[in-house]
Amino acid sequence: MEPLAQKILVVGGNGFIGSAVCKAAMARGIQVTSISSSGTPYKTPKGHTPAWVAKVEWRKADALIPETYSDILPKVGAVVHTLGTLLEDGKYKSALAHGELIGLIGAIAGGGGSPLDRGPQRCSYELINRDSALRVCQAFKSSKPDPGVTHVRPFIYISAEDIFRPLIPARYIETKREAEQTISQLLRDHPRHRSVFIRPSFVYHAHHRPLTSPLAALIDLSASIHASVPKDLPTPSSLLRAAAHAFPSSHASPLPSPLHSIANALSVPPIHVEHVAEAICIALDPTKDVRGVVGVNEMRELIGWSQKSQAPRLERA
């Protein structure tokens with residue numbers, strides 16, 4: 001069978017979600033080029049190099065500077081942008097990868113961290129979550145595809161479900177939504193491109209991010225209980241949504257009340273990083289013509305959960 005896309009560019013392919021996308025794409029016979037600020041090939045948190053890594057082309061480039069990767073764009077049939085940061089202090093990623101609970105709590109308690117620690121705003125929500133995606137999308141749209149690239153080329157942006165407020169600053173999800181809106185505008189009048197916005201909920205992996213597995217189990221239990229309650233009976237999430245409507249946020253933010261976010265956290269199931277990557281690879285398929293927002297339920301449908309006799313169980317550590 002012919003690959004879904006002959007070649008793709010993954011922006012941030014050595015990260016948590018990006019590496020899962022590279023691995024899944026390679027398994028489907030897709031050629032993969034990854035760009036990142038370091039250009040370093042992916043390694044597991046324990047320092048191991050999986051066999052599939054040798055098949056990926058790893059390039060050093062700056063997503064904010066199209067000249068560093070513009071030569072790649074005409075050759076690819078799709079771009080998957082996986083860069084993102086939950087906190088402006090990126091130390092939380094190391095704590096997650098190495099199972100350091102105290103370090104993770106400290107990173108969350110510190111919020112975005114000190115601007116002096118972050119350097120010249122290279123780790124801001126605006127630059128990582130929004131501007132990097134817009135620069136890549138603009139360059140992708142402007143590139144002239146090689147003769148062998150004939151199908152509509154998707155730009156897939158890894159966004160997020162609104163589940164982390166008020167624990168995480170609102171600018172995290174605001175910049176994600178700003179990126180979605182602007183990408184839609186950039187590609188609206190370009191029929192040879194389509195935009196896809198992947199909105200995972202809580203993404204977990206028992207081995208690569210061990211701290212996420214117990215929390216994922218609790219979230220999954222909460223979501224399962226909510227799903228089993230008859231629609232005419234109130235649930236904690238429905239009560240929170242009602243309160244959110246009754247007492248709307250007084251901030252100038254376009255987002256609804258943080259109560260709405262908490263309700264989502266209680267009712268939207270978590271998703272394994274490999275299932276996110278699988279859904280992304282299916283969205284690459286030009287025959288599927290996936291467009292717009294793809295939430296957890298849509299990802300489950302894409303990977304075929306609805307056709308299975310029972311829902312997959314969470315991976316346990």
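These legends walk through several close-up views of a predicted model.

**View 1. The central sheet is open and has 7 strands.** Reading across the sheet, the order is β3-β2-β1-β4-β5-β6-β9, and the pairing is parallel. At the edges are β3 (57-60) and β9 (292-294), each of which pairs on one side only. From one strand to the next, the twist averages 20°.

**View 2. Strands β5 and β6 run side by side, with a helix packed on the sheet.** The two strands are parallel and joined by 6 bridges. To find one of these places on your screen, look for Ile158, whose bridge partner in β6 is Ile198. Helix α10 (residues 273-283) packs on the sheet and touches β4 (78-81), β5 and β6. The direction of helix α10 makes about 165° with that of β6.

**View 3. Glu180 and Arg199 form a salt bridge.** Their side chains meet at 2.7 Å, N to O. What does this pair tie together? Glu180 belongs to helix α6 (residues 170-187), while Arg199 sits in the loop between β6 (193-198) and β7 (203-204), so the salt bridge connects parts that are 19 residues apart in sequence. Are the two partners buried or exposed? Glu180 is buried, at 6% relative accessible area, and Arg199 also counts as buried, at 18%.

**View 4. Further salt bridges include a network and a partly exposed pair.** Side chains of opposite charge can pair when their charged atoms come close. In the whole structure, a search finds 12 salt bridges. Which residues make up the network? Glu126, Arg130, Asp131, Arg171, Glu174 and Glu178 are linked in it. Within that group, Arg130 and Asp131 form a salt bridge whose closest N and O atoms are 2.7 Å apart. Elsewhere, the side chains of Arg291 and Asp289 meet at 2.9 Å, N to O. Arg291 is partly exposed at 43% relative accessibility, and Asp289 is partly exposed too, at 39%.

**View 5. Tyr125 and Tyr172 make an edge-to-face pair.** The structure holds 5 aromatic pairs. In this one, the ring centres are 6.3 Å apart and the planes meet at 65°; with over 60 degrees as the cut-off, the pair therefore counts as edge-to-face. Tyr125 lies in helix α5 (residues 125-142) and Tyr172 in helix α6, so the rings tie together parts that are 47 residues apart in sequence. Both tyrosines are buried: Tyr125 has a relative accessibility of 3%, and Tyr172 one of 9%.

**View 6. Phe140 and Phe155 form a tilted aromatic pair.** Here the distance is 6.4 Å centre to centre, with 40° between the planes. Phe140 comes from helix α5 and Phe155 from strand β5 (residues 153-158), so this contact joins parts that are 15 residues apart in sequence. Just how buried are they? The relative accessible area is 0% for Phe140 and 0% for Phe155.

**View 7. Other rings take part in a cluster and in a charge-over-ring arrangement.** Tyr42, Trp52 and Trp58 are linked into a cluster by ring pairs. At Phe16, the partner is a charge: the charged end of Arg209 sits over the ring, 4.1 Å from its centre.

Notes. Residues are numbered from 1 along each chain as its sequence is written. This is a predicted model: local features need pLDDT of at least 70, side-chain atom pairs count only at pLDDT 80 or more; totals for chains, interfaces and linings use all residues. Side-chain values use heavy atoms; hydrogens and water are left out. A salt bridge is a side-chain nitrogen of Lys or Arg within 4 Å of a carboxyl oxygen of Asp or Glu. Helices (H or I, at least four residues) and strands (E, at least two) are DSSP runs, numbered from the N terminus. Buried means under 20% relative accessible area, exposed over 50%, partly exposed in between (1.4 Å probe, protein chains only). Rings of Phe, Tyr and Trp (its six-membered ring) pair if their centres lie within 6.5 Å; planes under 30 degrees apart count as stacked, over 60 as edge-to-face and the rest as tilted. A charge sits over a ring if NZ of Lys or CZ of Arg is within 6 Å of the ring centre and within 35 degrees of the ring normal. Two strands pair if DSSP finds at least two bridges between them. Axes are lines fitted to C-alpha atoms, for helices over the stretch in contact, and angles run from 0 to 180 degrees between N-to-C directions. Contact means heavy atoms within 4.5 Å.
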